[in-house]
Structures are given as structure tokens and as C-alpha cells.
Amino acid sequence: MGPRRFLACSALALFLVAPAAPPALSAQEKSLVRCDALVGFNGTAREGRFAPVILSVENPGARMKARISLTVTWGSLRGVPPGWTITREAVLDAGSTRRFPFVIPLPRDVRTLQAAVTSQGTEVGSLRVELQPLSTASRIVAGISSDLSLDSISALGGSAGSLRVVYPRVDDLPQAWAGYDGVDAVIVHDTYFQQLRADQVDALERWVVTGGVLVFTGGAAALQHEPAGFGRLLPVRVTGLTQRSGVPVAVGGGFLRRMPGRLQLAQSLPVQGTVLASEGDLPVMVRHRLGRGSVWFLAFDPTTASVAAWDGWLSMWRNILDSDRVPALGAADLPALPMEDPWIAGLFAASPIAFPSVPALLVFIGAYLALLVPLLVGGPGRGMRARARLLLLVVVSVCAGLAGWAVFNRLLFHPGLQTIDVARVEARSGDGLAFVTEKIGAFSASARHVEVRLGSSDPVLEAAGWRARPDLPLSEPHLSLTRAGARTLVRGIDVPRLAARVVVFQDVVRFDVSVRVRATGSGLEASVSNGNGKALRGCYILVSGRAYPLGDVAAGASVQRTFAASDGLENPPGTSARSAADGAMFRDADSRRAAIFRILDEGAGQGAGPTRLVAWMDGPALPISFTGARPTGNRPGLALVSVEAAQ
Amino acid sequence: MSVREGMHAYLSDGRTLRACLYLAAALGLALLAVWPRGTLEAAVRTGQASDTFTVVCVCFLVSLLYLGARFGAEDFAADPRVQLTELVTLTPVPLASLVAGRFVFGLLHTLVLLLLGAPFLVAAMAVGGVGFPQVLQALAIIGAASLAARMCGLCALALVGARRPARDILLFFAVTAPAAAAFFVRPAASSFRAIASLARGDGSLSLLPAGVDLAAAILLAACTLGVLSGARARAKRRAPGAGEHE
């Protein structure tokens, strides 16, 4: 067979055999594990808020150690898009399906969610989800109910915008409070006899502390609440069922209206909170304020036809669902320049960090030149041998270099990362929990990568974008969060040279402070008990626009004081005309505290608000550490504590 | 060039030593002039990072390019042309060792000059936003450029001799033209661009400009050797056996 004939036969054989060859494996077929994601509540998430994601990973193969990552991106298509990548390690047992909960941000221009499972450096499974179809601008109310009985609440949307009611499964309820960020209220009707896990109840409680509204409805289903695990959240203890007619209901503005017809009510005993409406000694509506939010108990079932047809139904729900909750996502303002952020600007103004002075430099240059002159002026006639001159030149230069390094890079100015943080700690007396918003400004004389270590497994954080100059586009970070146990490592908050970055953290922490204020005939009696590990400094009781100084309350200590009405300072911070009192308010405080107070309390207008304790707490309020940051000496941490007094 | 000659030429000559002092004083003045005087708050607010380190580095580079070219052309020697001419035409000294000796002592002298200026760069580190790697990189780039300029000066001296201003004009263009070409055409190989990018902190530490300048210095030394060989050959043709008499 000649070569031409051989080639022709080979080509023919290839042509005939090729269609029978197996096609190249697609990416899905190559996958060893199968991934599925549930975004938001039943596939609905509110845009501009954090949203829960449950990633289900099914491993039909052998047991493996895997790295699971979730990436959500938004904004620009060029370069590395801003977003989050959350990574965690897990063991996938053979033939098992595991569910991994995540909380992701969903900005308005969010694009995709990419999940990947890798084992030993090889991707064994992946999933891509388009997020735009899943996100909605509507307000969302989550109903925990075995049937779709709360749909009529969507009528509350009205002109303020549409409202959607979603029904998450009990298993799918978030395990982190930020998972509820996109929800206006959670209404618990019944759990179909399912029990919540402790972390789910804990997340719900913490979300309420941040300003959420949690409603427990009554009727026969109320008997399920306590067995389902909601016991410690309920403002009442349900004892049974009863029937009543014409029960009163609070419809807002302090008004009560009676609901016509006979209703089945949950019989209960109040445990905490305020009974807003009752029929004799039977509580009908109870509200327990918890942190910034509230927990409600309705003794009747609002899904019954007679209640839904009542003309006061809408007013009642508006009264209940009225909330001032500030969403966690968006807490970090995006100023055109970091210094336009009032928190950072105020702190920089009070910061002790500065460039080394010109006189210090003059001394350095003068001393160096003074040492060089005898070595470099004059020739051989000066009698110095060339080798000795060389040696002395080397010694003088090396010593000057070391001195320059020590003075200008360590003693007077440090090129490393400097952080300044301010926190606002909001609590109610006796809650045992506080909502903390900690804003940290990080800046450095040299460009550097920053790592943040958080003592939390579900951090709520936001790094503000930055501009190198006002005319340049905004640069938003792509954060990389690595979860390990109860800790999280955050990367991607890079600090440009001589620039500042703003990072905002939010969390709910244990905070044991009780404040009791009782008005007496001639003044008031105040008692403060500090059960925390840190002292409360510069305490004031704010009552009706007047501030009563308490001094410091040490860790674990209690203070009791009686004030005459004349002891109160007028126009304290928090009122519109406070400047006159600023001097008195901060006469025992440093200027930094005063500056920070003005920033934090800007426009708060709470002078005539509820009676509260205002104090300062040193150090960062949340367990956060920055790698490469200088120790506390250059990390001025100051927390403004505001505790609403017990009613 | 023997060790004694080299030490004498660079560490005992009054003009050479004063040039070193002027260099240190110039760098000190530059550092003083660009030292940040505003507050840190103002620097962060305006987003205008201090260019202290960059300016001092550029001053150092320009100064050493100038001094290197003049040292290479033996401007500070009493009668440079006579010395080099005599060495080439009247002595049998191997030209390779002559050029190599000047190269090595030029390198050592450049190291001394770098050491003199290093304290200013170290002092400008923190306010300039750089670390030790960037300082070492800057010294390597400046040193290599200075060595290339020094070899350029030696080559010009061998080519044109001490005739001024012809040699100075040749030297000026020989030093500035490649620097300008690299700056505009091959930014990656430009010493000035490399120094300007140091403080930006983009994480890339490139020694390409230093490598290019070092290669240029070696090439120029080879060229000088060629020129001097030609000069010796011409001298031999004019006066056969002159070298052997020595």
C-alpha cells in the first residue's frame, strides 16, 4: 500500500468511526457532586438587602473533604467585579446530602451567584444562578404557616409599594440574623408541629433586636408555639383555648376597637412586655419591645374569615408592622471620598497621628551632613588615608540610615496600618442583648492588603467603595470571606496609599446593663447595674431633654443616685440646641469623645425621647482584629452606649 | 587600574570628595523641599499622596547620572585626556584590564555614592509610602543607571577626547536620548518610570530597568575597549614599536 492510499484509507476510517465516538463530557456530567441553591425565602429575596442562601450538596460518591465557595458579584463587568466570595471547609460523607447556609448581599445591580465545590484542588461540582429574576423591590413579610393563609396581608402594600408574603419552610429559616435583613416582619401562625433549631430561634431573636417585627398569632395554632421552640421569645405563656365575643384590638394611636363575632382565643399569661388590649384578665394583644424591634402576640387567629373581613383589620396590621428597622446592607455610606464620611473625618480630626515635623527632618539632615563634611572636605593633605575615609563613610552612612529608619519609620510615623473605630451600642434595659454598629476607618501610609479577623461565623459587614480622586470612578471591593468554625477571615479590603477605607460591622452581642429610673416628687432616682466586663464611663441619664450626670460605673458594679430636678443639664446632646451644654457635658471628657458624640448623635433629635442611659465604653465593641494594625495605642476605639431604661 | 590608584582617584581627590558632599546636600535639600507639611487629614481628604520618596529618588537618579557621566569622562581628574592617551598609546598595559579596572572601580564608587544617599531614601520611606524592598529596588535602578552613564562618559572620552563642548554635547545626548526613548517607547525598561511606580504600591517589583542599564554599561565598556584598541592600533601605525619601547 502506497503512502497516498494509506492516508486516504485512514481518513475514510476516521470519517466513519468519528460519529460513534463518545462526545466530550459536559461540565455538569464531569461533576461528582450535585449542587442546588435556594436563594432568599422560597426563591424570593429583596434587592438592596442581605439574603439567605441554602446550598444543598449531594455527594453520591466516596467521602471527601471539600471546600465550598459561594461567589456573588455585581456592578462592572470589567476586571474583578465587586462582590463577595464566601468559602468554608466541609466533609461530604458518602451518599449524603448536606445543606450549607450562607448570607449574601444582594445590591440592586446584582448579577450572578456562582457556587463551586472543590476537593483536592479539583472542582467536583458547580452551580450558577442568575439572581436578577429572584430579587424583588417589594417589601416582604415571611409567614410561618402550614397553609397560604396570610396572603391577604399583601393588601398592606398600598401606595407605599407592593408587599409580598412568602412562606419559608421551617427547615429553611435562616440561622443568622442577617438572613432576615430583607424581611419587614415574620408572622408565626403555625409550624405544622415542626421544631426549630436553637440557632434559628437565636437568629430570629437577634433580628428583632436589630429592629425586626415578630408576630405570634393565636387561635388553636398558638398551642404549637412553645413546643416549636419559640418559648423564650413569646411575651406570654399559652395555657389553653377559650371563646370570647367582641374582643378589643389595638389599632394604633392608642385606640381600641372591638372585633365583632365570636372568636377562639388562646388563653395565656403575660410573661414580658405590655398588654395593649385585654378582655378582662385575658390578654388579647401583647407587645414586648426587644432592642429596636418588637415581639407581638395576638390571642386570636387573624387568618380566620371573620377577622379578615373586619374593617379594622388593615389598621391593626399597620399598627403592628410599623417598624423603623434600618437595613443592614447599605449601612456603609459611599462617600465620594473617605474623608467625607463624618465618622472618619471626626476621628481623623482628633487623631494623634501626624507627619513628622520639618524641624525633626532638619535636625536629621544637619547631623548627617555635619558628620560627612570632615570626611569629604579636603584631600590627601588632611592626612586621612583613603581606606580609613572609606570605612568612616560607610559607618556614618549606615548609622544615618538606621537613625532615619528608627526616627521617621517607627518613632514619629508608622507606615503600617492604622485603624480608628467608633461603635454605637444600642440596648434596652434587661434585654441582655445589644445591637452594635461599629464603623472602622483603616488607613495606611503605604498601599497594603488588609485581613480582618472576626469572631463571628456570619458576619454582617460592608466595605465602602473608594475613589483615588474625586474625578475617578468608584472602586468597590471584592471581599473574600473564609469561615472556620465561629470565626471568619475577611480579605479584599485593600487600603491604597495614604487613603482611608471605611468598613461597617453590625452584630448583636450579649450586653448586660439594667437601668431603672423612677420619678420622685422633687426629682428622680436612678439605678444602673453594669454586668459587662468593661466600665461605662461618663454616664448620663437623659430624661425629657435634661441630662443627669452619674459618673463612671465600673465593670460588674451598680450605682444608685437620687437627683433633684435642678441637677439636670439643659439641652444635652441629642437635642437641637445643645451647644450651650456641650462644655458642661464634656467637662470631664476629652475632645475626641465630644467630637465623636456630635457625629454619632448628629440629627438624632432624641432629647425628648425615651428615658435612657448614655455612656462611653473603651475599645472595640465587636471582636474584630486587623492584621498588621498597630496595637491599641493607635487604635482609638470608643463606643457610645445608649440603653433605654426599663419601663 | 590598581586598588591604590582607584582608592586615590575616588577617595583622596578633593574635587571628587566635594562632589559627594554636594550630592548629599542636594538630596537633603530635595527631601526638605518635598517633605509633607500639611496634616495627614488633609492628605487623606484630598487624596493627594505625598511624592516625597519619588522626588528624592528622581533627584538621586539625575544627580548620579550627571556625576556618573562626569566621573566616567574623568572630568575630575587633573588632565584626563593625557592620562588615558598615554596609557593607551605609550604603555603596553592590556586594554581589557584598563577598561575592566575602570568598570569595577566605577561600580565600587557607585556603591559608595548609593550608600551616601541611602539615608535620605530611608528617611522618606514612611511618608513616601514605601518599604525596604522598594528602597532596595530604587538603589539598584539608580546604581545601574549611574554605572551606564559612567561607561557612557568613558566611551565619550575615548571617542572624542577632552574636547569641549563636543564631548559634553555627545555625552548629554548619549545619556538623555536612551532615557527618553525608554520612557516613551519601552516604559517597562525606563528607570524613571520604574521609580515613579514604586510608591504606587501595585506590588510589582521589577528590576528590568536595572538589568537593561547594567547590560548597557557592559556594552559601552566593550565599545570603549574597541575604540581604545583602534586608537592603539593607529598609534602603532604612526610610531611602530612605540609600545614595545615602554
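I began with strands 4 and 7 of chain A in this predicted model. Strand 4 covers residues 64-74 and strand 7 residues 110-119, and I find them paired in the antiparallel sense over 8 bridges. Opposite A:Leu70 I noted A:Ala115, which belongs to strand 7 of chain A.

I then looked up the sheet around this pair. It is an open sheet of 8 strands of chain A, ordered 8-7-4-5-23-24-21-33, and its pairing is mixed. For its edges I recorded strand 8 (122-130) and strand 33 (624-626), each of which pairs on one side only. Ignoring direction, I get an average turn of 20° between neighbouring strands of this sheet.

Next entry: strand 20 of chain A, residues 433-444. How many of its residues are buried? I count 12 of 12. I split the strand by the way its residues point. A:Leu433, A:Phe435, A:Thr437, A:Lys439, A:Gly441 and A:Phe443 point one way. A:Ala434, A:Val436, A:Glu438, A:Ile440, A:Ala442 and A:Ser444 point the other way, and both sets are buried.

I checked the partners of strand 20 of chain A. Strand 19 (residues 417-428) of chain A runs antiparallel to strand 20 and is joined to it by 11 bridges. In that pairing A:Glu426 stands opposite A:Phe435. The hairpin of strands 19 and 20 of chain A has 4 residues between the strands, and there I noted a positive phi near 85° at A:Gly430. Strand 25 (residues 499-510) of chain A is also antiparallel to strand 20, with 12 bridges between them. Here A:Leu433 faces A:Arg510 of strand 25.

I turned to another open sheet of chain A, with 3 strands in the order 26-27-30 and antiparallel pairing. Strand 26 (513-519) and strand 30 (558-564) are its edge strands. The twist averages 10° from one strand to the next. Strands 26 and 27 of chain A pair over 7 bridges, strand 27 being residues 523-530. I looked up the bridge partner of A:Ser514 in strand 27 of chain A and found A:Ser529.

Salt bridges came next; my search of the whole structure gives 25 over all chains. One of them joins A:Glu58 to A:Arg34, with the closest N and O atoms 3.3 Å apart. A:Glu58 lies in strand 3 (residues 49-59) of chain A and A:Arg34 in strand 1 (residues 34-39), so this pair ties together parts 24 residues apart in sequence. Is A:Glu58 buried or partly exposed? Its relative accessibility is 31%, so I enter A:Glu58 as partly exposed. A:Arg34 is partly exposed at 44%.

I also logged A:Glu525 with A:Arg518 at 3.0 Å, N to O. A:Glu525 is partly exposed, at 26% relative accessibility. In chain B, the side chains of B:Asp75 and B:Arg70 meet in a salt bridge at 3.1 Å, N to O. I find both B:Asp75 and B:Arg70 buried. One network of salt bridges with shared partners takes in A:Arg99, A:Arg169, A:Asp171 and A:Asp172.

I closed with chain B as a whole. It has 12 helices and 0 strands. Of its 246 residues, 50% count as buried. Taking contacts in chain B between residues at least 6 apart in sequence, I find that 79% join residues at least 24 apart. I put the accessible surface of chain B at about 10700 Å², with 69% belonging to carbon and sulfur atoms.

Terms used
Residues are numbered from 1 along each chain as its sequence is written. Chains are lettered from A and ligands numbered from 1 in the order in which they are written. This is a predicted model: local features need pLDDT of at least 70, side-chain atom pairs count only at pLDDT 80 or more; totals for chains, interfaces and linings use all residues. Side-chain values use heavy atoms; hydrogens and water are left out. Two strands pair if DSSP finds at least two bridges between them. Helices (H or I, at least four residues) and strands (E, at least two) are DSSP runs, numbered from the N terminus. Axes are lines fitted to C-alpha atoms, for helices over the stretch in contact, and angles run from 0 to 180 degrees between N-to-C directions. Buried means under 20% relative accessible area, exposed over 50%, partly exposed in between (1.4 Å probe, protein chains only). Contact means heavy atoms within 4.5 Å. Accessible areas come from the Shrake-Rupley method with a 1.4 Å probe; for residues, only the protein chains shown count as cover. A salt bridge is a side-chain nitrogen of Lys or Arg within 4 Å of a carboxyl oxygen of Asp or Glu.
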